[in-house]
Amino acid sequence: MKSSKTMLAILTAAGLTAALPAHAQVSYKDMADALHAVMESDRTVYTRMVVNRLQNEEKVIKASEHFKDDKALPLPAQMFRFGAEMVAEKKMPFSYSLQSLWPINKQNMPKTALEKKGLEAVANDNTKPFYGEETLGKTKYFTAVYADKAVAPACVTCHNEHKDTPKKDFKIGQTMGGVVLRIPMK
Amino acid sequence: MAEPKSRRIFWILWGILSVTIAGYLLVGLLAKSAATNPLLAPARQVFLPGKTSHGHYQIELACESCHKSPFGGREGLQESCERCHGQELKDAVDKHPRSKFTDPRNADLLEKLEATLCVTCHVEHRPEITRPMGVTLAGDFCFHCHQDIAKDRPSHQGMAFNTCNSAGCHKFHDNRALYEDFLAKHLGEPAVLGKVTLPARNFHEVAGSFPGYPADRFPLNPQTAPDAPADLMKSQEAVGDWLATAHARSGVNCSGCHQVEKEGAKGWVRRPDHKVCATCHEPETKGFLAGKHGMRLAEGLSPMTPGRARQPMHAKARSAELGCTSCHSAHRFDTKKAAVEACTGCHRDEHTVAYERSPHFALWKQELAGELPAGSGVSCASCHLPRDEYRVSGTSARRTLVQHNQSDNLRPSEKMLRPVCMSCHGLGFATDALADSKLAQRNFLGKPAVNIKSLDMVAKRVKEVEETRRQKDAAAKK
């Protein structure tokens with residue numbers, strides 16, 4: 001009697017398992033797109049609702065690269081970079097950075113061949129991301145590059161007027177750089 | 001054939017001796033208490049693989065302080081490095097944080113320099129390769145990643161690989177006073193900025209607003225009668241000293257320090273230690289324990305004494321044990337004495353000995369004589385134990401207190417520029433003065449004989465940028 005009950009339980013469990021959809025494996029591309037959606041949204045909110053509003057529209061406080069010394073707001077790019085550094089400290093299985101073909105800080109130039117290709121691709125067509133695979137060190141990565149567009153007047157005025165900028169004619173809506181997101185592949 | 005009896009005895013004794021020595025060494029290695037036990041310390045000393053650097057020699061027998069796990073490897077050591085130095089690096093806005101090197105795009109840099117770990121550049125127990133700041137890498141480490149800097153900064157064309165640091169321009173970690181825009185902001189400043197005074201300490205004013213301030217023990221009302229039990233109050237001098245202090249004026253009676261709670265019961269302690277002071281002076285105590293005066297106590301060792309120091313010290317002070325009262329003296333807590341005499345009573349290096357001939361000391365004497373307002377003089381503490389302002393968590397109060405980690409703004413000395421030198425001097429003069437090591441030895445008697453070019457380079461660049469802007473504006477108007 002007991003063994004038949006056990007058998008019934010096993011069969012029921014097996015039937016339920018078969019009926020339920022298997023856990024879908026999230027693709028590298030979908031994961032990268034999802035992560036970028038959060039990054040892009042947060043950064044746009046900060047740029048429009050904090051920096052552009054308080055600095056350019058209401059003129060309450062400035063945003064500055066030296067925000068501590070100047071008692072100012074961190075720049076949107078810095079806010080983004082600090083987030084990336086915090087993620088790196090948490091040793092998450094992905095990394096991201098903000099780069100440009102026209103960076104103010106030369107360290108944010110593309111370094112790898114794929115970064116360069118990706119940034120050029122999104123500069124030419126900022127409606128779709130660029131995806132690729134590359135091996136860095138001994139690890140193979142899924143690399144996605146997303147266009148980073150000027151979303152507010154603060155973006156273009158600061159970049160065009162910065163003494164270290166190599167490009168002084170950015171316009172709103174134009175691609176200024178790209179978010180490079182990497183996921184190590186298994 | 002049987003061994004002669006004498007030989008057997010020899011072997012037995014040899015065996016016993018070997019086992020005893022091995023046991024002694026093993027206990028020395030494995031027992032944590034060996035670091036503080038004078039009998040076992042020599043056994044532990046045997047296992048030191050080499051002389052430790054100036055930063056760690058005081059705690060070299062507390063092996064466990066850095067080597068938390070015998071099999072922790074370099075990552076295990078990293079945790080220990082960050083435990084003591086992590087916050088300092090964060091405060092310094094470290095220019096080469098770990099995250100910069102863990103980014104996969106920098107995998108090529110990582111192959112050149114494994115900069116995710118402190119021990120890549122700061123190896124301990126290797127005196128033969130240890131250079132200033134405890135750096136054990138060859139002097140060309142900047143070059144590996146920045147060899148093409150002249151492409152970005154033409155002004156750097158032709159500069160030798162070993163000038164990045166020596167030119168007073170760049171530091172690996174802390175560049176808070178060395179970045180271009182900061183230098184530009186302080187161009188053309190005079191050597192002396194004018195009459196300035198140190199910010200006054202304001203603990204008494206803000207203490208009442210601290211969340212959780214133990215007002216029942218320290219009621220913030222002036223105290224006039226000591227509350228120590230009569231049989232314990234043997235020194236009227238101590239009572240007189242106490243009555244003259246800020247402690248008495250701020251509600252800290254004898255019991256506030258001497259009646260200490262231990263395991264649920266209160267008992268009278270004749271010589272309260274730094275933990276008691278920390279009840280009210282927590283940030284100061286934290287600083288003291290983080291610096292060279294208190295780091296032995298922080299690691300559970302006996303207090304530091306001048307006799308253990310590697311720097312020249314007065315022989316008469318050799319055995320003085322360092323705690324809060326060794327500088328502040330119990331009951332009297334004379335901050336003026338703590339600011340100079342407490343230092344010169346032990347330290348005997350050239351810089352300290354030269355202090356009494358320095359212009360800084362002349363100002364200090366004038367302040368003591370009442371000829372200048374409070375905070376006008378420059379004591380040892382003005383520079384080495386500077387006053388910091390910080391926001392008290394949970395309140396709007398801002399507290400000005402003394403940074404008691406005297407190592408915090410040393411090594412490299414450029415760390416002093418912003419919190420200390422620039423309070424009174426222009427950046428250009430201060431940078432030159434700090435770069436002139438002979439002038440520092442003379443305790444800044446005279447003028448700098450060194451001229452750091454970084455400010456001139458920035459001035460030139462500012463001019464170029466302004467000229468470009470002027471031309472652009474002119475073209476736009478046409």
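# A guided tour of chains A and B

Start where the two chains meet: 12 residues of chain B are in contact with 17 residues of chain A. Keep in mind as you look around that this is a predicted model. On the chain B side, select α5 (98-102), α6 (107-112) and α10 (180-185), since each of these helices supplies at least two of the residues that touch chain A. Now colour that side of chain B by residue class, and you should find 6 nonpolar, 2 polar and 4 charged residues.

**Stop 1: the sheet in chain A**

Hide chain B for a moment and show the strands of chain A. In what order do the strands of the open sheet lie? Reading across, the order is β1-β4-β3-β2, and the pairing is antiparallel. As general background, strands of a sheet pair through backbone hydrogen bonds, either parallel or antiparallel. Select β1 (95-99) and β2 (130-136) of chain A to see the edge strands, each of which pairs on one side only. Neighbouring strands in this sheet are turned against each other by 25° on average, with direction ignored.

Zoom in on β1(A) and its partner β4 (residues 175-184) of chain A. These two strands run antiparallel and are joined by 5 bridges. For one spot to click on, pick Ser97(A): standing opposite is Val180(A) in β4(A).

**Stop 2: two helices that pack together**

Staying in chain A, select helix α2 (residues 28-57) and helix α5 (residues 153-161). They pack at an angle of about 65°, and their axes are 9 Å apart. Which residues of α2(A) meet α5(A)? Show Thr47(A), Val51(A), Asn52(A), Gln55(A) and Asn56(A) on the α2(A) side, then Pro153(A), Ala154(A) and Cys155(A) on the α5(A) side. Sorted by class, this contact has 4 nonpolar, 4 polar and no charged residues.

Next, move to the loop between α2 and α3 (76-89) of chain A, where you will find Lys59(A). Its phi is positive, about 50°, although Lys59(A) is not a glycine. Is Lys59(A) buried or exposed? It counts as exposed because it has 9 C-beta neighbours inside 10 Å.

**Stop 3: the domains of chain B**

Bring chain B back and colour it by its domain assignment, which gives domain 1 (66-175) and domain 2 (203-424). The C-alpha centres of these two domains of chain B lie 34 Å apart. Where they touch, 4 residues of domain 1 are in contact with 4 residues of domain 2. The domain 1 side of this contact divides into 1 nonpolar, 1 polar and 2 charged residues.

**Stop 4: a helix and its cover**

Select helix α16 (residues 282-290) of chain B and highlight its buried residues: Glu284(B), Thr285(B), Gly287(B), Phe288(B) and Ala290(B). What covers them includes α15 (274-277), α18 (324-328) and β4 (398-402) of chain B.

**Stop 5: loops of chain B**

In the loop between α17 (295-298) and α18 of chain B, click on Lys316(B). Lys316(B) counts as exposed because it has 10 C-beta neighbours inside 10 Å. Also select Cys346(B), which is 30 residues from Lys316(B) along the chain, with 8.1 Å between their C-alpha atoms.

Now go to Pro412(B), in the loop between β4 and α24 (427-435) of chain B. The peptide bond from Arg411(B) to Pro412(B) is cis, with omega near -5°.

Finish at Asn443(B), in the loop between α25 (437-441) and α26 (454-477) of chain B. Asn443(B) has a positive phi of about 55° although it is not a glycine. Asn443(B) is buried, because 21 other C-beta atoms lie within 10 Å.

Key. Residues numbered from 1 in each chain as written. Chains lettered and ligands numbered in written order. Predicted model: local features only at pLDDT ≥ 70, side-chain atom pairs only at ≥ 80, totals over all residues. Buried ≥ 20, exposed ≤ 12 C-beta atoms within 10 Å, placed from the backbone. Helix = DSSP H or I, 4+ residues; strand = E, 2+ residues; numbered from the N terminus. Contact = placed C-beta atoms within 7 Å. Nonpolar A, V, L, I, M, F, W, Y, C, P; charged D, E, K, R; others polar. Pairing = 2+ DSSP bridges. Axes fitted to C-alpha atoms, helices over the stretch in contact; angles between N-to-C directions. Domains from an automatic or database assignment.
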